[in-house]
Amino acid sequence: MGIYRDEEIVALRVGETRQVICRDCSTPQQWTDTKEDDIITQQSVDKKDLVYFCDTCKKRLKVQEGKRTAVQHSRLVSSKSSQ
Ligand SMILES: [Zn+2]
């Protein structure tokens, strides 16, 4: 039995057809009924060996490419003309 943090779980697999359902489309009841085999974690999405799509909204589950902050250092452009 594994322990997962809530935010690690990005989607579930539900029903006999094991449809993928993202957080936005799933109901609280589906979350309650979910077994460990039925969860899709952010880790497995990030591995990129499989691509997951939600069968309800057809959106692709997002890959988190690390925790990149969009802070850009202002570049110091030194334009010294050499003689
Ligand atoms: Zn969805």
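The following exchange asks how the descriptions of this predicted model are justified.

Reader: What makes the confidence in this chain uneven, and where is it lowest and highest among the elements?

Author: The mean pLDDT of the chain is 84, and 77% of its residues reach 70 or more. Helix α1 (residues 28–33) has the lowest confidence, with a mean of 91, while β2 has the highest, at 96. Where pLDDT is low, the predicted coordinates should not be read in detail.

Reader: Which pattern does the chain follow along the sequence?

Author: The pattern is β-β-α-β-α, and the secondary structure comes to 2 helices and 3 strands.

Reader: How do you know that β1 and β2 are paired?

Author: Two strands pair if there are at least two bridges between them. Strand β1 (residues 9–14) and strand β2 (residues 19–22) are joined by 4 bridges, so they count as a pair, and they run antiparallel. Within this pair, Arg13 stands opposite Val20 in β2, and Val14 has Gln19 of β2 as its bridge partner.

Reader: What makes β1 and β3 a pair?

Author: The cut-off is at least two bridges. Between β1 and β3 there are 3 bridges, so this pair also counts, and the strands run antiparallel. One of the residues involved is Ile9, whose bridge partner in β3 is Thr41.

Reader: Why are β2 and β3 called edge strands?

Author: The open sheet of 3 strands has the order β2-β1-β3, with antiparallel pairing. β2 and β3 (39–41) each pair on one side only, and that makes them the edge strands. From one strand to the next, the twist averages 30°.

Reader: What is notable about the backbone in the hairpin of β1 and β2?

Author: The hairpin has 4 residues between the strands, and Gly15 takes a positive phi near 75°. Arg18, in the loop between β1 and β2, has a positive phi of about 55° although it is not a glycine. Most residues other than glycine have a negative phi.

Reader: Why is Arg18 called exposed?

Author: A residue is exposed if 12 or fewer other C-beta atoms lie within 10 Å of its own. Arg18 has 11 other C-beta atoms within 10 Å, so it is exposed.

Reader: Which description, buried or exposed, fits Lys48, and why?

Author: Lys48 has 9 other C-beta atoms within 10 Å; the limit is 12 or fewer, so Lys48 is exposed. Its place is in the segment after α2 (42–46). Lys48 is not a glycine, yet it has a positive phi of about 65°.

Reader: Why does Arg23 count as partly exposed?

Author: Arg23 has 14 C-beta neighbours inside 10 Å. Exposed needs 12 or fewer and buried needs 20 or more, so a residue in between is partly exposed. Arg23 therefore counts as partly exposed.

Reader: Where is Arg23, and what does Arg23 touch?

Author: Arg23 lies in the loop between β2 and α1. Not counting residues up to four places away in sequence, Arg23 touches Val10 and Ala11. Arg23 and Cys54 are 31 residues apart in sequence, and their C-alpha atoms are 9.1 Å apart in space.

Reader: What makes the set that includes Val10 and Leu61 a nonpolar core?

Author: A nonpolar core is made of buried residues of listed types, Cys among them, joined through C-beta atoms within 7 Å. The largest such core has 8 residues: Val10, Ala11, Leu12, Val14, Ile21, Cys22, Cys54 and Leu61. The elements that give two or more residues to this core are β1 and β2. β1 gives the most, with 4 residues.

Reader: Which residues are in contact with Cys54, leaving aside its neighbours within four places in sequence?

Author: Cys54 is in contact with Ala11, Val20, Ile21, Cys22, Cys25, Lys59 and Leu61. Contact here requires C-beta atoms within 7 Å.

Reader: How many of the residues of the chain count as buried, as a percentage?

Author: Of the 83 residues, 10% count as buried. Among contacts between residues at least 6 apart in sequence, 56% join residues at least 24 apart.

Key. Residues numbered from 1 in each chain as written. Predicted model: local features only at pLDDT ≥ 70, side-chain atom pairs only at ≥ 80, totals over all residues. Contact = placed C-beta atoms within 7 Å. Axes fitted to C-alpha atoms, helices over the stretch in contact; angles between N-to-C directions. pLDDT = per-residue confidence, 0-100.
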